[in-house]
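Here is a short report on one protein model. It covers salt bridges, backbone outliers, a pocket and a surface patch.

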Amino acid sequence: LAQLDDHIVYDGFVFGKDYENMGVSLLSANGYSDSKTINIPGGISIDGIDFSVTSIGENAFRCFPLVVVDIPDTVRTIGMGAFRGCEELRFVKMSKSTITIGEAAFRDCSSLKEITIPETVNTIHPCAFDSCSSLQSIIIPGKVEEMQEDAFNGCVSLSSITIMGYKTRIAYSAFDGCN
């Protein structure tokens, strides 16, 4: 990572160091601010050195007009507010390596109808899917240890919840405002 400056623009994306996961974090996608579909790269090459894209940073796509996003399997962390306010977002292909879905990561994604949470996720942070008013069903994999407060608050269309784990801690307000 020593070869990577604090921030680097690569193919319309802005990346920074991700020390925790020993890769790079996608910080913003200014070159794609009007895009309906985004395929996040799994890696970048700088001066002949390859770096994996291991996280999506805080507010990276906040309020973008996205409809479809493809998150590569290299991504372990989806940061706080990463897709917050993407009101047109309907389809998310999640990374099979994601461990953490950050606070308010998909908050106010009001067109999101379904999402498959990968088997690798262990924590769903507060408000991760808050006000995803079109979300109809959710399957919580067995490795999820904790669903924090307001994780699915305001998901008024949620009609099916399957929790695969028997040791999952569910905050008292995880499903507030769900009919």
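A salt bridge here is a side-chain nitrogen of Lys or Arg within 4 Å of a carboxyl oxygen of Asp or Glu. The model is predicted, so local features need pLDDT of at least 70, side-chain atom pairs count only at pLDDT 80 or more, and totals for chains, interfaces and linings use all residues. Residues are numbered from 1 along each chain as its sequence is written, and side-chain values use heavy atoms, with hydrogens and water left out.

**Salt bridges**

The salt-bridge rule gives a count of four. Three of the pairs are described below, among them Arg 169 with Glu 146.

| Pair | Closest N to O distance |
|---|---|
| Glu 88 and Lys 36 | 2.7 Å |
| Asp 70 and Lys 93 | 3.5 Å |
| Arg 169 and Glu 146 | 3.7 Å |

Where do these residues sit? Strands are DSSP runs (E, at least two residues), numbered from the N terminus. Take the bridge between Glu 88 and Lys 36. This pair links distant parts of the chain, 52 residues apart. Glu 88 is in the loop between S8 and strand S9 (91-93), and Lys 36 is in the loop between strand S3 (23-28) and strand S4 (37-39).

Burial is graded by relative accessible area: buried is under 20%, exposed is over 50%, and partly exposed is in between (1.4 Å probe, protein chains only). Glu 88 is partly exposed at 35%. Lys 36 is partly exposed at 40%.

Next comes Asp 70, bridged to Lys 93. Asp 70 belongs to strand S7 (residues 68-70) and Lys 93 to strand S9, so the bridge ties together parts 23 residues apart in sequence. Asp 70 has 26% relative accessibility and counts as partly exposed. Lys 93 is also graded partly exposed, at 41%.

The bridge from Arg 169 goes to Glu 146. Arg 169 lies in strand S16 and Glu 146 in strand S14, so parts that are 23 residues apart in sequence are tied together. Glu 146 is partly exposed, with a relative accessible area of 25%.

**A nonpolar patch**

Strand S16 (residues 169-170) also holds Ile 170. Which residues make the nonpolar surface patch of about 220 Å²? They are Ile 161, Ile 163 and Ile 170. Patch residues have over 30% relative accessible area and no salt bridge; like charges are joined within 9 Å, and nonpolar side chains (Val, Leu, Ile, Met, Phe, Trp, Tyr) within 5 Å. Accessible areas come from the Shrake-Rupley method with a 1.4 Å probe, and for residues only the protein chains shown count as cover. Ile 170 has a relative accessible area of 41% and is partly exposed.

**Positive phi**

Ser 131 is not a glycine, yet its phi is positive, about 65°. Ser 131 sits in the loop between strand S12 (123-124) and strand S13 (137-140). At 28% relative accessibility, Ser 131 is partly exposed.

Asp 150 also has a positive phi, near 60°. Its place is the loop between strand S14 (146-147) and strand S15 (160-163). Asp 150 is partly exposed, at 21%.

What separates the C-alpha atoms of Pro 126 and Asp 150? The distance is 5.5 Å, although the two are 24 residues apart along the chain. Pro 126 is in the loop between S12 and S13. Is Pro 126 buried or exposed? Pro 126 is buried, with 11% relative accessible area.

**The largest pocket**

A pocket is defined on a 1 Å grid over the protein atoms alone: an open set of points where a 1.4 Å probe fits, with protein on both sides within 12 Å along at least five of seven lines. Lining residues have an atom within 4 Å of a point. The volume is the space filled by probe spheres set on the points, which are joined across faces, edges and corners.

The largest pocket has a volume of about 260 Å³. Its lining has 16 residues, and the closest to the centre are Glu 20, Asn 21, Ser 55, Thr 77 and Gly 79. Strand S6 (49-56) and strand S8 (77-78) each supply at least two lining residues.

The lining divides into four nonpolar, eight polar and four charged residues. Here Ala, Val, Leu, Ile, Met, Phe, Trp, Tyr, Cys and Pro count as nonpolar, Asp, Glu, Lys and Arg as charged, and the others, Gly among them, as polar.

Gly 79 is in the loop between S8 and S9. Gly 79 is buried, at 10% relative accessibility. Gly 79 and His 125 are 46 residues apart in sequence and 10.0 Å apart in space, C-alpha to C-alpha.

Methods:
Helices (H or I, at least four residues) and strands (E, at least two) are DSSP runs, numbered from the N terminus.
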